[in-house]
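Here are a few exercises to work through with the model open beside you. Try each one before reading its solution.

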Amino acid sequence: MTLIHPGELLPLVPVSTDTPAEQAATLRGIGPVSGSVHSWDLSTGVDGPGTRFVVFVAGCPLACLYCHNPDTMRMRNGTRTTVDTVVAEVNKYVPFIRAAGGGFTISGGEPLLQPDFTGEILRIVHEELGLHTALDTSGFLGARASDALLADVDLVLLDIKSWDRELYLRLTGRQLEPTLAFAHRLAALRKEVWVRFVLVPGLTDAPENVEGVAAFAGSLGNVSRVDVLPFHKLGAAKWEELGKEFTLADTPVPTSAQVDRARSAFTAHGLNAV
Ligand code: SF4
């Protein structure tokens, strides 16, 4: 599918830096009816059931070493886009998405970095267009998701990047606890969750690390699927383009036997791992 960049339609967001203070200032300027968007695309596979219209927002509080879209990390790399523009674009594909049994996914970057924008898009797409909706998040900003926002989410795609706290910090630059707290909240709400776990040889593939994520996911009761995603290097060129070092350049991709082993750890906890 062709990646469509809304920058072809609208001027770039005039943001000079992405410190937390700048992000807050940017969001105040943008308001709830528009936000910073990187791109949108149609996809089938890991973004939720069926064919999805996926919006990738710009800006993320994490800095994952294996991020394959490092150009979505900065809010300033996005394009100021109104909710109306996003909804109008989704609307074009509604008959096709309905026929394909798919839906709408908001991804990133981190959608909960712009909770008002994300919430308003989800509300319209869910309540007015009547589409199945998915929220793709690391959960780090789960506390920013109001109950009203979550009411318009049918499925949460929750990335649990590591069970080992120290490794999580090394991988992402952030703490794991907010993600776990969000996972517990989703379980209490009985919200359907797909857990996503990126298998990186030499980093996340230690048996005790995989087992920790698997046992936790299995204990929640609302996880209907686990995607074990093999680490890949398709984003390496983007790191270079951004003038940043891709520190996992020499890390091997996992073998299919390694991926199967990790999936088995999840299925041993009664989970549907793919
Ligand atoms: S959470 Fe996703 S978008 Fe953010 S840095 Fe990690 S991989 Fe990239």
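**Exercise 1.** Does glutamate 208 count as buried or exposed, and what is its relative accessibility?

Solution. Keep in mind that this is a predicted model. Start by placing the residue: glutamate 208 lies in helix α8, which covers residues 207-220. Next, get its relative accessibility, which is 59%. The cut-off for exposed is over 50%, so glutamate 208 counts as exposed. Finally, look across to tryptophan 163: the two residues are 45 apart along the chain, and their C-alpha atoms are separated by 8.4 Å.

**Exercise 2.** Stay in helix α8 and take leucine 220. Work out which residues leucine 220 touches, leaving out those up to four places away in sequence.

Solution. First check the cover: relative accessibility is 13% for leucine 220. Buried means under 20%, so leucine 220 counts as buried. Then list the contacts, which are Ala183, His184 and Ala187. For a distance to go with that, try valine 193: this residue and leucine 220 are 27 residues apart in sequence, with 9.6 Å between their C-alpha atoms.

**Exercise 3.** Find isoleucine 106 in strand β4 and describe its surroundings.

Solution. Begin with accessibility: isoleucine 106 comes out at 0%, so it counts as buried. Now collect its contacts, again skipping residues up to four places away in sequence. You should get Val55, Val57, Pro111, Thr118, Ile121, Leu122, Ala134, Leu135 and Asp136. As a last step, take the C-alpha distance to threonine 137: isoleucine 106 is 8.7 Å from it in space and 31 residues from it in sequence.

**Exercise 4.** Take a look at the backbone. Which two residues does a cis peptide bond join, and what is phi of arginine 190?

Solution. For the peptide bond, check omega: it is about 15° between glycine 108 and glycine 109, and that bond is cis. Glycine 109 is found in the loop that runs between β4 (103-107) and α4 (115-128). Now for arginine 190: its phi is near 55°, a positive value in a residue other than glycine. This arginine is in a loop too, between α7 (177-188) and β7 (192-199). Its relative accessible area is 74%, so arginine 190 is exposed.

**Exercise 5.** Where does the ligand sit, and which residues are around it?

Solution. Look for the pocket first: the ligand sits in the largest one. Then pick out the surrounding residues, which are Cys60, Leu62, Ala63, Cys64, Cys67, Thr72, Met73, Gly109 and Lys161. Sorting this shell by type gives six nonpolar residues, two polar and one charged. Did you spot Gly109 in the list? That's the glycine from the cis peptide bond in the previous exercise.

**Exercise 6.** Zoom out and sum up the protein chain. How many helices and strands does it have?

Solution. Count the elements: there are ten helices and eight strands. Move on to burial, where 53% of the chain's 274 residues count as buried. For the surface, the accessible area comes to about 11800 Å², and 55% of that belongs to carbon and sulfur atoms. Finish with the contacts between residues at least 6 apart in sequence: 73% of these join residues at least 24 apart.

How values were computed
Residues are numbered from 1 along each chain as its sequence is written. This is a predicted model: local features need pLDDT of at least 70, side-chain atom pairs count only at pLDDT 80 or more; totals for chains, interfaces and linings use all residues. Side-chain values use heavy atoms; hydrogens and water are left out. A residue is near a molecule or strand if one of its heavy atoms lies within 4 Å of it. On a 1 Å grid over the protein atoms alone, a cavity is a set of points where a 1.4 Å probe fits but cannot get out, and a pocket is an open set with protein on both sides within 12 Å along at least five of seven lines; lining residues have an atom within 4 Å of a point. A molecule sits in a cavity or pocket if more than half of its atoms lie within 2 Å of its grid points. Ala, Val, Leu, Ile, Met, Phe, Trp, Tyr, Cys and Pro count as nonpolar, Asp, Glu, Lys and Arg as charged, and the others, Gly among them, as polar. Helices (H or I, at least four residues) and strands (E, at least two) are DSSP runs, numbered from the N terminus. Buried means under 20% relative accessible area, exposed over 50%, partly exposed in between (1.4 Å probe, protein chains only). Contact means heavy atoms within 4.5 Å. Accessible areas come from the Shrake-Rupley method with a 1.4 Å probe; for residues, only the protein chains shown count as cover.
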